[in-house]
Amino acid sequence: PGVARGISILSEHFPGTFAERVAVPRSNLLPLPAGMSLTDAACLPTAWLTAWRMLTTKGRVDDADAVLVQGAGGGVATAAVALAVAMGKRVYATSRDAAKRARIAELGATAVEPGARLPERVDVVVETVGAATFDHSLKSAAPMARIVVSGATAGHEPTVNLRRVFAMQLEIVGTSMGTPDELRDLLAFCAERKVRPVVDSVVPFSRIGDAFAQLHAGTVFGKLVVDHTA
């Protein structure tokens with residue numbers, strides 16, 4: 001309440017969770033599903049919730065057969081691959097790194113190099129990279145596809161061929177994070193389908209600087225988890 005845009009996430013207007021104690025509104029708390037570890041649960045409210053909203057609420061993936069995920073290896077992209085595969089979709093995922101392509105293929109996706117021609121056009125594109133991949137996202141989209149954007153790690157001002165947008169009747173949709181109800185649905189889905197987050201490593205809170213160093217090096221695949229008990 002009181003945020004001008006009507007929505008906000010921790011670390012934007014309010015302190016984040018890299019602290020020994022964190023206060024949040026009671027309405028934002030959800031019970032931990034039975035059988036889900038604290039490590040797995042820690043991955044879900046940010047990257048995985050963003051990917052879930054991109055696929056479901058914004059991407060309307062129930063109406064889709066094929067999904068393209070740009071920049072696999074990052075937290076949101078890897079989550080999108082795992083979720084879309086669990087939903088029974090044909091999933092294509094790009095990465096510049098051959099080792100990351102091999103690992104994303106193990107999750108059930110068809111891994112391709114950035115810009116590669118796909119064997120089919122897709123109904124939903126998960127776009128977190130930005131300018132470096134956006135033209136490929138447009139060219140890979142089927143008529144009336146949804147290109148859902150939640151990040152711009154490689155440039156925030158892509159060149160957009162508007163003729164392709166209107167001729168193919170594409171939807172370019174923005175999103176960030178998700179709602180408590182969407183998180184509740186995500187938790188239930190992961191519990192029901194036995195989907196587990198991809199965790200690169202767990203870092204003690206006392207060595208949080210090491211976690212940032214790993215992110216800066218660009219070698220992370222999936223999520224880094226900070227363990228506040230260590």
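Select strand 1 (residues 66-69) and strand 2 (residues 90-94): the two run parallel and are joined by four bridges. This is a predicted model.

Within that pair, pick Val-67 and look across to strand 2, where its bridge partner is Val-91.

Now keep strand 1 alone and show its side chains. Is each face of strand 1 covered or open? Both are covered. Ala-66 and Leu-68 lie on one side, Val-67 and Val-69 on the other, and all four of these residues are buried. Val-67 therefore combines two roles in this view, being buried under the 20% relative accessible area cut-off and bridged to Val-91.

Next, select the whole protein and colour by secondary structure. Seven helices and eight strands should appear. Switch to the C-alpha trace and turn it along its principal axes: the span is about 50 × 40 × 35 Å. How does the radius of gyration agree with that of a compact globule? For 230 residues such a globule would have a value near 17 Å, and the protein has 18 Å, so the two agree.

With all residues still selected, display contacts. Among those between residues at least 6 apart in sequence, 65% join residues at least 24 apart. Of the 230 residues, 41% count as buried.

Then turn on the surface. The accessible area comes to about 12,700 Å², and carbon and sulfur atoms account for 53% of that.

Last, select the charged side chains. There are 24 positive and 22 negative ones. The centres of the two sets lie 2 Å apart.

Terms used. Residues numbered from 1 in each chain as written. Predicted model: local features only at pLDDT ≥ 70, side-chain atom pairs only at ≥ 80, totals over all residues. Heavy atoms only, no water. Rg over C-alpha atoms; globule rule 2.2 N^0.38 Å. Buried < 20%, exposed > 50% of the residue type's maximum accessible area, 1.4 Å probe, protein only. Contact = heavy atoms within 4.5 Å. Areas by Shrake-Rupley, 256 points an atom, 1.4 Å probe, with all protein chains shown as cover. Lys, Arg positive; Asp, Glu negative; His and termini not counted. Charge placed at Lys NZ, Arg CZ, Asp CG, Glu CD. Pairing = 2+ DSSP bridges.
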